[in-house]
Amino acid sequence: MSGISTSLLREELQRLDGQRAELMRQVAEAMEFLSTTPVGLTAPLVDAEGFPRDDCDLYAVRRARQVVNRGWNDLKAIETSMHEKLAMLHEGSQEEAKQQMERDDEARRKGKADAVERERRMRLVHEMFKRPPFVRVVMTAANSPGALAGLTAGDLVVQYGEVDAAAVAAHGFGEMARVTANHEDKMLSVWVKRRSGEGEAEEVVELFLVPKSWAGGGLIGCEFEPCVQR
């Protein structure tokens, strides 16, 4: 269905139905009047000698007949238009149903994809929680890239880009400097363990760091200390 919405079609059908009801009322009144006359709807308005009949109001009869004949023609046109719009409404309803089915299918696909992503995320969080930390954040300078990423003193880093405790044990802490330099002005995923408060359970959090030049020294503005020995 093109150009006309379902709601507009319904409004137009209601308008036409109102017109039809009014025409039917007018035709019914005219027919009722004609039924009270000796000529009705079709009898001649002249007598056998060709003179106007004098047993009824000929003007009123002619007017009533015009109402009936014109009303029937108008009713036919209105009902034809209503049938066309009903067909369009049916077509539009089918199209709306098809579109709704497509939206429902898309919602189901998205829901399934979201569920898969949530499960993947939960597995990743669980995996990161099991990993040992290799550096501790000692200090984060105010307004530094590290501070903007959410790194705070006491955070225990378990994953820094592709660097983890095993990589540090194998290649040293210089791996962090290498990854930092390679990600200048690029987003870097950093996983840390922390406690939100005293007595609170330890949690693992993913932060997004963008190493870059800033008012202070280095690219991230943080100081670290080792948690493992090479």
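Colleague: Over residues 13-91, what percentage of the chain is helix?

Modeller: This is a predicted model, where local features need pLDDT of at least 70, side-chain atom pairs count only at pLDDT 80 or more, and totals for chains, interfaces and linings use all residues. Residues are numbered from 1 along each chain as its sequence is written, and side-chain values use heavy atoms, leaving out hydrogens and water. Helices (H or I, at least four residues) and strands (E, at least two) are DSSP runs, numbered from the N terminus. Over residues 13-91 strand makes up 0%, while the helix share is 72%.

Colleague: How many salt bridges does the structure hold?

Modeller: A salt bridge is a side-chain nitrogen of Lys or Arg within 4 Å of a carboxyl oxygen of Asp or Glu. With that rule, the structure's count is 14.

Colleague: Which helix holds both Arg-25 and Glu-29?

Modeller: These two form a salt bridge, with their closest N and O atoms 2.6 Å apart. They sit four residues apart, about one turn of the helix, and that helix, covering residues 6-35, is H1.

Colleague: Is Arg-25 buried or exposed, or in between?

Modeller: Buried means under 20% relative accessible area, exposed over 50%, and partly exposed in between (1.4 Å probe, protein chains only). Arg-25 has a relative accessible area of 39%, so Arg-25 is partly exposed.

Colleague: Glu-225 and Arg-136 meet in a salt bridge too, so how many residues apart are they?

Modeller: Their side chains meet at 2.7 Å, N to O. Glu-225 is in strand E5 (residues 222-226) and Arg-136 is in strand E1, so the pair links distant parts of the chain, with a separation of 89 residues.
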